[in-house]
Amino acid sequence: WIGALDVLVVAGDDPGDPVLVSAAATALHRGARVVVVAPFEGPLRDVVAGRAVALAPRVWVPDEFSLVRYLAAGLAILNVVQPGMQVNLDALADELDAEAFRNSAGHELFTNPAKTLADRMSGRDVVLAGDNPATLALARHAAGIMLRVAHRVVAAVGLADTVAALRAGFGGAPGADRLFHDEQIDGPLPDRARVFVLTTDAERQVVLARVSGLDDVDVINAEDVPDGPPEQAPAPTPGDGRPERQLAMLAVRLEMTAAYLKLVRG
C-alpha cells in the first residue's frame with residue numbers, strides 16, 4: 001500500500017539482504033521517500049543510487065548493540081516528518097555516554113547499575129517483563145542480547161502473563177515454605193526465578209501496584225541509579241526524561257549487564 005506520500009525506513013545490518021533491497025526498490029518505484037538506516041554499500045546502495053537519504057552507521061559496533069542507533073535514526077526521521085515531534089539527539093547522546101560511564105568496569109558493584117543487575121541475575125532463572133509495547137520490545141531486545149552475548153536463556157513476556165504465572169505459583173517455593181524448609185530433611189531448595197519488570201518513570205507506580213505482594217520481582221527503570229562517588233557520572237534527575245530517553249538508557253544498561261554476565265560465566 002505504500003505510495004508517493006509515504007516515507008519508508010529501510011533498517012538492517014546487511015546491505016545485501018534481499019528483503020531490504022526489494023523493499024527499497026519497490027518504494028522508490030512507487031515514488032515514496034526512502035531512508036536507509038543500514039551500511040550504505042553493496043546491492044542496497046546500487047538500488048537506491050542517490051535517490052534515498054542514507055543514515056549509515058558512522059562507527060561500527062557489533063550487530064547486537066545496534067538498537068540505540070536504530071532508535072536515534074527513527075527519532076531523527078520523526079523530527080522531520082511529524083509536526084511537533086522534537087527530540088534533542090545531542091542531549092540524548094550525552095545521556096547515553098553518561099550511562100555507559102556510570103556502568104563502566106571501574107565503578108564498584110553498589111554504584112554501578114549494570115553490575116548490580118548482573119549480580120541479581122547470576123545463578124537465577126530470569127524473566128524480563130514489559131508493561132506496554134515499548135518496554136516489551138525492550139525486554140525482547142534484552143533477552144536477545146543475553147543469549148548472544150552472555151549465552152543465557154532469558155524469557156521476555158508481557159507483564160500480565162508474568163503476574164498470572166507468579167500468582168499461580170511460578171518461581172519455586174513460596175516464602176512460607178522456604179522459611180520452614182530443612183535441607184537435611186527436605187533436600188535442597190529449587191532455584192527460584194527472578195522477574196525484572198522494565199518500565200518508565202511515568203508508569204512505575206502503576207507497575208508497582210500490579211506486582212505488590214509478589215516475591216522476587218524487581219521493577220527497574222532509568223532512574224534506578226545508586227549514589228556514587230563524586231567523580232561518577234551524575235545520576236539522572238527523576239521525571240526529567242522523555243520515554244524514549246529512559247528506554248535508550250535502559251537498553252544501554254541491559255547490554256552492559258549482559259557483558260558482565262559473560263565475564264562471570266567465563
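**Notebook: salt bridges and a buried strand residue**

I began with a count, and the structure holds 10 salt bridges. I keep in mind throughout that I am reading a predicted model.

**Entry on Glu99 and Arg102.** I looked up Glu99 and found that it forms a salt bridge with Arg102, where the closest N and O atoms lie 2.5 Å apart. Both residues belong to helix α4, which covers residues 89-102, and because they are 3 residues apart there, about one helical turn separates them. Are these two residues buried or exposed? Glu99 has a relative accessible area of 0% and is therefore buried, since buried means under 20%. Arg102 has a relative accessible area of 1%, so I noted Arg102 as buried too.

**Entry on Glu99 and Arg253.** I then followed Glu99 to another partner, Arg253, with which Glu99 also forms a salt bridge, the closest N and O atoms being 2.7 Å apart. Which helices hold the two residues of this pair? Glu99 lies in helix α4 and Arg253 in helix α11, which runs over residues 243-265, so the pair ties together parts that are 154 residues apart in sequence. I checked burial for this pair as well, and found that Glu99 and Arg253 are both buried.

**Entry on Arg194 and Asp218.** Turning to the strands, I found a salt bridge between Arg194 and Asp218, with 2.9 Å between the closest N and O atoms. Arg194 sits in strand β6, while Asp218 sits in strand β7 (residues 217-220), so this pair ties together parts that are 24 residues apart in sequence. I wrote down 17% relative accessibility for Arg194, which counts as buried because the cut-off is under 20%. Asp218, with a relative accessible area of 12%, is buried as well.

**Entry on a network.** After these pairs I looked for salt bridges that share partners, and I found that such bridges join Glu95, Glu223 and Arg245 into one network.

**Entry on Ala193.** Where does Ala193 lie? I placed Ala193 in strand β6, which spans residues 193-198. The relative accessible area of Ala193 is 9%, so I recorded this residue as buried. I also looked up its separation from Met121, and although the two residues are 72 residues apart along the chain, their C-alpha atoms are separated by 9.1 Å.

**Looking back.** For a reader new to this structure, I would return to Glu99, which forms a salt bridge with Arg102 and also one with Arg253. I would then return to strand β6, where I found both the buried Ala193 and Arg194, whose salt-bridge partner is Asp218.

Note on methods
Residues are numbered from 1 along each chain as its sequence is written. This is a predicted model: local features need pLDDT of at least 70, side-chain atom pairs count only at pLDDT 80 or more; totals for chains, interfaces and linings use all residues. Side-chain values use heavy atoms; hydrogens and water are left out. Helices (H or I, at least four residues) and strands (E, at least two) are DSSP runs, numbered from the N terminus. Buried means under 20% relative accessible area, exposed over 50%, partly exposed in between (1.4 Å probe, protein chains only). A salt bridge is a side-chain nitrogen of Lys or Arg within 4 Å of a carboxyl oxygen of Asp or Glu.
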